[in-house]
Amino acid sequence: MSKLVNLEINGKTVELAVEDHQLLLDLIRDKVGLTGTKEGCGTGECGACTVLIDGEPFTSCLVLAVEVNGKKITTIEGLASDGILDPLQDSFIKNGAVQCGFCTPGMILSAKALLNRIPKPTERDIRKAIAGNLCRCTGYGKIVKAIQNTSE
Amino acid sequence: MRKLKAFSHLDSRTTEEALSYLSKYGQESKIIAGGTDLLVMMKTGKASPKYLIDIKGISDLDFIKCDETSLEIGPSTKINTILQSDLIRKHFPVLAEAAETLGSNQIRNRATLGGNICNASPSGDMLPPLLCLDATAFILGPSGIRTVKLEQFFTGPRETILSDNEILTKIEIARPRNNPVAVYLKHCFRKALDLAIVGVAVKFELNNGRYSNIRIALGGVAPTPMRAKMTERLLENEGIDETTIEKASKIVTKEISPVSDVRGTAEYRVGMTKVLLKRGLRLTVRDVTDSEE
C-alpha cells in the first residue's frame, strides 16, 4: 500500500508515493533519478550513500522513505548551483582528492556538514567527521587536504 | 543491492499507541527507533517483522534531564545528542566518551540509547559505562511500569528481559555525592564503524582519599555485557596501586568467558582485557590525581 510523502530535495518540493519498505536511497536513485548517491554496502558501514537530511549527514540505506516526510534532503547534485561548483567540490578536484569517485558524493556531503558547523576545522575535526566515509583509493590524505583548503 | 521485504510501517504518537500496537501484533512486530541495528538485521535475513512500530515521533521518549539527584535519559535519545549534551559532558563524561566510539557520525545521528540497550549486543558501546554507573531501566507494559537494574536487563546475546508487549521508557542514573571518575576503552581495528573486540569501563569515586564504589564493566567477553565483581571487590578492599592493578588483571581473567570469532580468538580477548583493565585503572587514577593538584 502506498503512502504519500512530501519533501524537499535539493531545494525542490516534491510529493511522492512510496511503499513502507522502500529505502530513502532507492527513492533518491530510482524514483527521483538522482544517481550521485551510491550504494556501497547497504548496511550503513561505508558511507557511500550519505545524504544530508535537514543539514545533517545520514546513511540513506538505513532510512525509510516514509521517515522523511516534511524533511529537506540534500544530495551531491544539490551542491552546485547554476552550473557553478561548490568551493568544496572545486577543492576536491584541484587537490586530486577524487580517484574512482565512488566515495566522493558521500564524502563531500559529510565534509559540507562539517564546514557548516565548524568553518575552520582542525585536521582532527576533519578526520572525525569523515570517519564514516570509507575510501578504498586515496588513503584519505588528499581528501583531508581538500577539505582544509576549502576552509581557508 | 540490499532491499527490504515488505512490511507495514506504523507511526506511533504516544507510548500508549506503541504499546497497543505491540499487544496487537506481538511477535510479528518490532519497535523501530533509529533502525541502525534493526534494518541491518532485516536486510541480512536475521529479522523479518511484518510490522514496524516507529517510536521516533514520541517526544516523551526523547530527553535528557539532570538534577541534583539523578540523570534521566529517554530511550529515543540519539547517540550524537548524548555526545553533544552539556549536561552529560559535565556530570557523566564517560557516556559522551562511549558515544563517540559508536559507529560513525551518520550512524550516531540516527542510533539511539534505547536501541543500543535493547539490541543487547554483548559488545554494545554504551553498555559497560551504563553498568558502571549502576543504571536502572524503566519498563512500561500493559500493567504499568517496572524497574530493573541494567545488570539484570541482559540475559544473553541480543536477549533481554523485555517481554513482547513492553517498551523501555527511561534510563536513570543516580548522581553520587562525589563526582565519579570513569573511562571507557574500546579495543577495535578501525577508528570508526567497528565493533568492540573488547570494551572496558572503569569507574570509581574518591571518598576521603579512598577509592570507593569501584565498578568494572566489560563488553565483548561474555554472552552479555558484565560487571567484573570479584575484581571490583579486590580493588575495593586493597586499594588501587601498581600491585593491586597487576592482581586485578589476573583475577579478571577468571570472571570472563570470551569466545573466538572473526574479530579475535578467546585467548586474544583475555589478553586484551588484561591490558585494557590495567590501562583503564591507571588512567582513572591519573585523572583523579591530576584534578586534585
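Start by selecting the charged side chains of chain B: the 41 positive and 36 negative charges have mean positions 6 Å apart. Here Lys and Arg count as positive and Asp and Glu as negative, with His and the chain ends not counted; each charge is placed at NZ of Lys, CZ of Arg, CG of Asp or CD of Glu. Now do the same for chain A, where 17 positive and 18 negative side chains have centres 7 Å apart.

Before moving on, some housekeeping. This is a predicted model, in which local features need pLDDT of at least 70 and side-chain atom pairs count only at pLDDT 80 or more, while totals for chains, interfaces and linings use all residues. Residues are numbered from 1 along each chain as its sequence is written, chains are lettered from A and ligands numbered from 1 in the order in which they are written, and side-chain values use heavy atoms, leaving out hydrogens and water.

**Chain B as a whole**

Switch to cartoon and select chain B. You'll find 11 helices and 14 strands (DSSP runs numbered from the N terminus: helices are H or I with at least four residues, strands are E with at least two). Chain B has a radius of gyration of 19 Å, close to the 19 Å from the globule rule for 293 residues, so it is as compact as a globular protein of that length. That radius is taken over C-alpha atoms, and the rule is 2.2 Å times the number of residues to the power 0.38. Along the principal axes, the C-alpha atoms of chain B fill a box of roughly 60 × 45 × 35 Å.

Colour by accessibility next: 58% of the 293 residues in chain B are buried (under 20% relative accessible area; exposed is over 50%, partly exposed is in between, with a 1.4 Å probe and protein chains only). Of the contacts in chain B between residues at least 6 apart in sequence, 60% join residues at least 24 apart; a contact means heavy atoms within 4.5 Å.

**Stop at H9(B)**

Select residues 229–238 of chain B, which is helix H9. Which of its residues are buried? They are Thr231(B), Glu232(B), Leu234(B) and Leu235(B). These cover an arc of only 160° around the axis, which puts them on the same side of H9(B); the arc is that of the directions from the helix axis to the C-beta atoms. Flip to the face turned away from that buried side and you meet the exposed Arg233(B) and Asn237(B). Right after H9(B) comes Gly239(B), with a positive phi near 80°.

**Two loops to zoom into**

Most residues other than glycine have a negative phi. Go to Asn208(B), though, and phi is positive, near 50°. Asn208(B) sits in the loop between strand E12 (198–207) and strand E13 (210–219) of chain B, and is exposed at 84% relative accessible area.

Hop over to chain A and pick Tyr140(A), another non-glycine residue with a positive phi, near 70°. Tyr140(A) is in the loop between helix H4 (123–129) and helix H5 (141–151). Buried or exposed, or partly exposed? Tyr140(A) counts as partly exposed, at 25% relative accessibility.

**Zoom out on chain A**

Trace chain A from the N terminus and the elements run β-β-α-β-β-β-α-α-α-α. Its radius of gyration is 15 Å, close to the 15 Å the globule rule gives for 152 residues, so chain A is as compact as a globular protein of that length. The C-alpha box for chain A is roughly 50 × 30 × 25 Å along the principal axes, and buried residues make up 51% of the 152 residues.
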